[in-house]
Amino acid sequence: MLFSLLLHITRDIMNILNIKSRILFVFILSILSIRTIAIDAQQAIDSLRNLIPKTQSDAELVRHYRVLAWYFSQVDQDHLDSTIFYCQKSINLSEKTNNRIRLGSAYFILGLSYYEEEQFEESLAAYLKAYEIFEENNDSINIAATYNNIGLLYDLAINQETAIKYYIKALKISEQLKDSMGMSVNYNNIGLIYKELGNYEKASWHLKKSLEIELKLVKKEGIAQAYSNLGKLSLKKNNIDEAYQYLNEAYQLFQHVKSADSRIDILANFGAYYIEIQQADSAKIFIQKAIREGNSFNRKRRQAYNYFLLGRYNMLIEKYSVAISNIEKAIKISKSINVKDELFEYYEAISQAYLKTQDYKNAHLNLQISNSIKESRHHETVTKRLTHFEKQAELLRIQAEFQFEQHINKSEFEMKELRLKLLAQSTIIVIILLSALILILIIFFRNKTKANKLLKQQNEIIEHQAKELKISIGHLEEREVELEQSNNSKDKLFSIIAHDLKNPFNIILGYADILNTEYEDFNETEVKRMINEIDKSSKITYNLLDNLLTWSRSQQGKIEINKELYNLKHLVDRSCEPYKLNANNKNIKITTKIPLDYKLFVDKFTISTIIGNLLSNAIKFTPEGGLIKIYAESDNNNIRLNFKDNGIGMSAETTHKLFSKERSDTTLGTNNESGTGLGLFLCQDFAKKNGGEISVISELGKGSIFTLTIPISKI
């Protein structure tokens, strides 16, 4: 949404470069990547400040002030005063020189700055001035961005009727311009409005549209925020399993999230999830993390919601007085910055807390306030406005379909005329053919008597052959179904492998290209980090290809099973040794408890492959400092080798699909280790070749137990 604005600022910086100094080269390049602004920001700021006293042209001064304001806005919260100061200088000089284009950009940056400082009324005033100027210049992209940000401010003040008006305007412009980022933002905002209205189906549709666009753009921060919002919606719908899946996806991308608001939202939403499932300890951990982030970035609105969650946590552990104090703090913060969008929830929650303390007067008073805020939200008017917008879009679609149908009808009319001509010609030909057919039938019936005996004999032969053919066809159909199922499974599996191969190759190619073209721009630490990423991705790719080769050989029947009698403990110790380094890197303790007299009559290679894969998976999904237990037990018929971990565990649905080739999802490990699940297919296949099987018992958040069961040798 801010591409046009960034383009203006980039152009300004290039103009400065043409006028003054090669020494600014490094910091000017950094404007092309928001992530690198903070690294060279101070150098850039100092350089620009040195240029200002030497600049005589008003136009150049405007550019300098505006670029300085932009740099200060990207550093941190402590520089907001400087951002506003230089925005104001740019505004004053732009008005003096009547430079309307840069004046609009300066007001837009000023609006962003006031928003970051949570001075929402001042932010709205700046955005409205920016809009007037963008409208004069028909600057559609920045008009859409301004509409969206104005809508956000009205939404905070629970004036949703006005907010949705601006969101819809912004969405229409973004769709006309095919601005993917703009459409994603507006789909997200409209989805959140639907969530507040209680229309969860439409909220889900709009939020998923936003996620779909972010996935196509491969914007990890946007993807994380979309997953977080979908997780919060699932909590509203009381769909706990779905909420966990979305929130977990968001948390997996947490390290890529730079926006303070987004980081706080992800942590707070996870805290709300654990409150819903009544896991107080986990809820407390995430809420405290969210509060620390809020304090670091001075995000008052987010802090209000965090203290509300802290109040709900204290209600969960029955500390109602503390809960009341927490929620009162949330209300006080919201009122101080004039934000009302979640106040009714705060008053409703504090009413419940008073009810638990049998303070019925305060309970009733706060419930009345909550209901009063709900009634002021104009839900009916907002719903009508959204419905009207959707009906307009539907009307345009119907009109397009009607025009298309008219075109088709015209073509069909012309085709009917042609058919009538052809029908007349065809009728004559048919009459001739019928006459010939009648003549042939007369001749045929004369010879029928002679042919009956021969036909009877032939019919008996044909019936016998038909029975044999039917049996053969049945066998062929069964084989065809088996082959189709096998091919579908392999196609599905190869699509998973292709997807997982793509990610490490992208990392390898990306970092290799950067090192090849920009090596001198990075220090030794950064180069080592890139080489380390290339090394990790290469190993991931190699392990995946190794598993794929082994699986391919197994499917082609090229792996021979040579069973011999082996001591189970010695076999496990040798098979686990290559994986202990990975366990040590994550500070994971591995213990084994296998009786020395346990022996198995198995193929050494395939069983070693199974043991290695099961241990590798346990390490992958066990957090830092975790524990993995390998132990064996037996009954009269079988020996069971167990791999027990205290890792992240799995839901019942994931466990059910674990060994199915039809599944398409994979889960990242606790240190973002990736994989396709191919190893488990191999393990199950090898287990069956040895007369055994693999089973799993798992609970989400409490770890898993994978069990290899092998029959006891009769030898």
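A residue is called buried here when its relative accessible area is under 20%. I start with that because Cys 576, at 4%, falls under the cut-off and is buried. This is a predicted model, so please keep that in mind throughout.

Staying with Cys 576 for a moment, the residue belongs to helix 23, which covers residues 568-576. What does Cys 576 touch, leaving aside its neighbours within four places in sequence? The contacts are Ile 611, Leu 615 and Ile 630. Ile 590 is 14 residues away from Cys 576 in sequence, and the two C-alpha atoms are 9.7 Å apart.

Now the whole chain. The protein chain has 715 residues, and 42% of them count as buried. Its secondary structure amounts to 27 helices and seven strands. If we take contacts between residues at least 6 apart in sequence, 65% of them join residues at least 24 apart.

Next, a run of four helices, 13 to 16, taken pair by pair.

Helix 13 is residues 240-252 and helix 14 is residues 260-276. Their axes come within 10 Å and cross at roughly 155°. Angles over 145 degrees count as roughly antiparallel, and therefore helix 13 and helix 14 are roughly antiparallel to each other. The crossing is left-handed. On the helix 13 side the contact includes Ile 240, Ala 243, Tyr 244 and Leu 247. Among the residues they meet on helix 14 are Ile 266, Leu 267, Phe 270 and Tyr 273. By class, the residues of this contact are 11 nonpolar, two polar and one charged. Glu 276 of helix 14 is one of the residues in this contact.

Helix 14 also packs against helix 15. These two axes come within 8 Å, with a crossing angle of roughly 160°. Helix 14 is thus roughly antiparallel to helix 15. Helix 14 passes helix 15 in a left-handed crossing. Helix 14 contributes residues including Arg 263, Ile 264, Leu 267, Phe 270 and Tyr 274, and helix 15 contributes residues including Phe 286, Ile 287, Lys 289, Glu 293 and Phe 297. The residues of this contact divide into 12 nonpolar, three polar and three charged. Leu 267, Phe 270 and Tyr 274 of helix 14 appear in the contact with helix 13 and also in the contact with helix 15.

The third pair is helix 15, residues 280-297, with helix 16, residues 300-316. Their axes come within 9 Å and cross at roughly 160°. Are they roughly parallel or roughly antiparallel? Roughly antiparallel, given that the angle is over 145 degrees. The crossing is left-handed. From helix 15 the contact uses residues including Lys 284, Ile 287, Ala 290 and Ile 291, and from helix 16 residues including Tyr 307, Leu 309, Leu 310 and Tyr 313. There are nine nonpolar, four polar and one charged residues in this contact. Ile 287 and Ala 290 of helix 15 take part here and in the contact with helix 14 as well.

Two loop residues come next, and both have a backbone angle worth a look in the viewer. Asn 138 has a phi near 50°, a positive value in a residue other than glycine. Asn 138 sits in the loop between helix 7 and helix 8. Asn 138 is exposed, because its relative accessibility is 64% and the cut-off is over 50%. Glu 318 has a phi near 65°, again positive in a residue other than glycine. The loop in question runs between helix 16 and helix 17. Glu 318 also counts as exposed, with 60% relative accessibility.

Last, two threonines. Thr 655 is in helix 26, residues 652-656. With a relative accessible area of 17%, Thr 655 is buried. Where does the side chain of Thr 655 reach? To the backbone oxygen of Ser 651, at 2.9 Å. Not counting residues up to four places away in sequence, Thr 655 touches Met 650, Val 696 and Ser 698. Glu 699 is 44 residues from Thr 655 in sequence, yet the C-alpha to C-alpha distance is 9.1 Å.

The other is Thr 709, in strand 7, which spans residues 703-711. Is Thr 709 buried or exposed? Buried, at 14% relative accessibility. Beyond four places in sequence, Thr 709 touches Asn 638, Ile 639, Arg 640, Gly 692 and Glu 693.

That is what I have for today.

Technical notes
Residues numbered from 1 in each chain as written. Predicted model: local features only at pLDDT ≥ 70, side-chain atom pairs only at ≥ 80, totals over all residues. Heavy atoms only, no water. Buried < 20%, exposed > 50% of the residue type's maximum accessible area, 1.4 Å probe, protein only. Contact = heavy atoms within 4.5 Å. Polar contact = N/O pair within 3.5 Å; in protein donor to acceptor, adjacent residues only side chain to side chain. Axes fitted to C-alpha atoms, helices over the stretch in contact; angles between N-to-C directions. Parallel < 35°, antiparallel > 145°, perpendicular 65-115°, else oblique. Left-handed = near helix turned anticlockwise from the far one by under 90°. Nonpolar A, V, L, I, M, F, W, Y, C, P; charged D, E, K, R; others polar.
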